[in-house]
Amino acid sequence: MNDYSEIEQQLQARLADIMERSGEIEDDLRHPLDDDLEEQAIDLADDEALEGVDNVLLAEARQIRFALARIANGTYGTCANCGEDIAPERLKARPIATRCIKCAAQAA
């Protein structure tokens, strides 16, 4: 069994950062609209962009949680497709990877 404690720490730190940023976005989205119609239009367009960013962050958070669960249950570093080991270099570059490079290339 490999020691993924360093990757686990990096994933935990990234998850904390994402959740903080997502919280800030959600707080910003709760602001009341301005009385001025032009300002409302600008605010609504900004809110739409922020919602998109928040969705991307939350999707990444989900992937990180799945990676952390795989570390916890001992399946991290094993390709979900073929069952072979995922190269440490790939995990270092993409810690949320669930497939080895060969299987990932076939899926693309």
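Is R30 buried or exposed? Select it and check: at 56% relative accessibility, R30 counts as exposed. Keep in mind that you're looking at a predicted model.

While R30 is highlighted, add D27. The two form a salt bridge, with 2.6 Å between the closest N and O atoms. A search of the whole structure turns up 3 salt bridges, so there's a bit more to visit.

**Next stop: R14**

Select R14, D17 and E60 together, as these residues are linked in a network of salt bridges. Start with R14 and D17, whose closest N and O atoms sit 3.1 Å apart. Both belong to helix α1, and because they are 3 residues apart there, about one helical turn separates them.

Now swing over to E60, which also forms a salt bridge with R14, at 2.8 Å between the closest N and O atoms. This pair links distant parts of the chain: R14 is in helix α1, E60 is in helix α2, and they are 46 residues apart. For accessibility, R14 is partly exposed at 28%, D17 is partly exposed at 32%, and E60 is partly exposed at 23%.

**On to the acidic patch**

Pick D34, D35, D36, E38 and E39, and you have a negative surface patch. D34 lies in the loop between α1 (5-29) and α2 (37-73), and it is partly exposed, with a relative accessible area of 35%.

**Last stop: R90**

Jump to helix α3 (residues 88-93) and select R90. R90 is buried but has no salt bridge; E89, the nearest side chain of opposite charge, is 9.7 Å away. Show the backbone of R99 as well: the R90 side chain reaches its backbone oxygen at 2.8 Å.

Notes. Residues numbered from 1 in each chain as written. Predicted model: local features only at pLDDT ≥ 70, side-chain atom pairs only at ≥ 80, totals over all residues. Heavy atoms only, no water. Patch = residues over 30% accessible without salt bridge, like charges linked within 9 Å, V, L, I, M, F, W, Y side chains within 5 Å. Areas by Shrake-Rupley, 256 points an atom, 1.4 Å probe, with all protein chains shown as cover. Salt bridge = Lys/Arg side-chain N within 4 Å of Asp/Glu carboxyl O. Lys, Arg positive; Asp, Glu negative; His and termini not counted. Charge placed at Lys NZ, Arg CZ, Asp CG, Glu CD. Helix = DSSP H or I, 4+ residues; strand = E, 2+ residues; numbered from the N terminus. Buried < 20%, exposed > 50% of the residue type's maximum accessible area, 1.4 Å probe, protein only. Polar contact = N/O pair within 3.5 Å; in protein donor to acceptor, adjacent residues only side chain to side chain.
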